[in-house]
Amino acid sequence: MSYPESAPARRPAAVLSAATVLLVMAVAALAYAVVDLVVLGGTLDAFRAAARDTSATPQEIDDVVTLLRASAVLSAVVAVLSAPVLAGLALGLLAGRNGVRVATWVVSGLGLLAGCCSVAVVVGERAAPLQLGSGEQALAELLGLIGDAYPSWWIPLNAGLSVAQGLGYLVVATLLALPAATSWFGRHRSTAPTAPPAPHQPLSAPPMPPYPPR
């Protein structure tokens, strides 16, 4: 006897929107990594040219250049690694996996925390600039040249991307907490395929004992 299969619940717009935002953030992360590495070469050249007019030694200049290069490469690596994570979360959400939904909340919380820490560091530096001793005047001069070494649009772009990333995580977490998304993930989990019960097998009668010989 066959039973009619119930039609699958339609994926809500909240889940589609959350997955779309994650995919856009993944693409933006890859684009940021590429632009970061492209800008790095010109930034280092501009910094070296400006640093020649300071009282810093060549070794001090090389140390700051190494720091700038390592920071840029680290940022690019983090962006590249985050792209497949965000894309995987988006695909998992579209598949209706409730565990991926929970993981997305965790990633969103970490992303918001990192963004808030970055903003706090920038605000703290503006409110209380780094105080260096009299013997570190050359280092102070080099640190002051870093901002001017980048293209004029680079720092505003980074600030805008940081704000957009934080808002993206907040939007994704909010969309996945909506009642429509909660109901869809719960229904998808409850309708997971299970093994069909084994058909009923009637018990066979025990064999009759042989008749005694007459």
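In this predicted model, residues 1–7 keep a pLDDT under 50 throughout, and the model gives them 0 contacts beyond four places in sequence. For the chain as a whole the mean pLDDT is 81, and 75% of the residues reach 70 or more. Among the elements of the chain, helix H1, which covers residues 13–51, has the highest mean pLDDT, at 94, whereas helix H3, covering residues 98–127, has the lowest, at 80.

The secondary structure consists of 6 helices and 0 strands, so that, read from the N terminus, the order of elements is α-α-α-α-α-α. Of the 214 residues in the chain, 26% are buried. When contacts with a separation of 6 or more are considered, 83% of them join residues that are 24 or more positions apart.

Helix H1 is a good place to begin the walk through the fold. Its 39 residues reach 54 Å from the first C-alpha to the last, close to the 57 Å expected at 1.5 Å a residue, and the helix bends by about 30° at Leu40. After H1 comes a loop that leads to helix H2 (58–94), and Thr54 lies in this loop. The side chain of Thr54 reaches back to the backbone oxygen of Ala51 at 2.6 Å, while a polar atom of that same side chain lies 3.4 Å from the backbone nitrogen of Ala56. Setting aside residues up to four places away in sequence, Thr54 also touches Glu141, Leu142 and Leu145.

Val80, in turn, is found in helix H2. With 40% relative accessibility, Val80 counts as partly exposed, because its value falls between the 20% under which a residue is buried and the 50% over which a residue is exposed. Apart from its neighbours within four places in sequence, Val80 is in contact with Leu30 and Ala33. In the case of Leu30, the two residues are 50 residues apart in sequence, yet their C-alpha atoms are 5.6 Å apart in space.

The aromatic residues offer another view of how parts of the chain are brought together. A search of the whole structure finds 4 aromatic pairs. One of these is formed by Tyr32 and Trp154, which are stacked, with 5.7 Å from centre to centre and 15° between the planes. Since Tyr32 lies in helix H1 and Trp154 in helix H5, the pair ties together parts that are 122 residues apart in sequence. The two partners differ in accessibility, for Tyr32 is partly exposed, with a relative accessible area of 21%, whereas Trp154 is buried, with a relative accessible area of 5%. A further pair is made by Trp184 and Phe185, whose ring centres are 5.1 Å apart and whose planes stand at 75°, so this pair is edge-to-face. Both Trp184 and Phe185 are buried. Tyr32 and Trp154 also belong, together with Tyr150 and Trp153, to one aromatic cluster.

Trp154 leads on to helix H5, which runs over residues 154–176. This helix has 23 residues and reaches 33 Å from its first C-alpha to its last, close to the 33 Å expected at 1.5 Å a residue. Besides Trp154, the buried residues of H5 are Gly166, Gly168, Tyr169, Val172, Ala173, Leu175 and Leu176. In reading such a list, it helps to recall that an α-helix has 3.6 residues a turn, so residues three or four places apart point the same way.

Definitions and conventions:
Residues are numbered from 1 along each chain as its sequence is written. Side-chain values use heavy atoms; hydrogens and water are left out. pLDDT is the predictor's confidence in each residue, from 0 to 100. Helices (H or I, at least four residues) and strands (E, at least two) are DSSP runs, numbered from the N terminus. Contact means heavy atoms within 4.5 Å. The expected span of a helix is 1.5 Å times one less than its number of residues. Buried means under 20% relative accessible area, exposed over 50%, partly exposed in between (1.4 Å probe, protein chains only). A polar contact is a pair of N or O atoms within 3.5 Å; within protein, one must be able to donate a hydrogen and the other to accept it, and residues adjacent in sequence count only if both atoms are side-chain atoms. The bend at a residue is the angle between axes fitted to the seven residues ending there and the seven starting there. Rings of Phe, Tyr and Trp (its six-membered ring) pair if their centres lie within 6.5 Å; planes under 30 degrees apart count as stacked, over 60 as edge-to-face and the rest as tilted.
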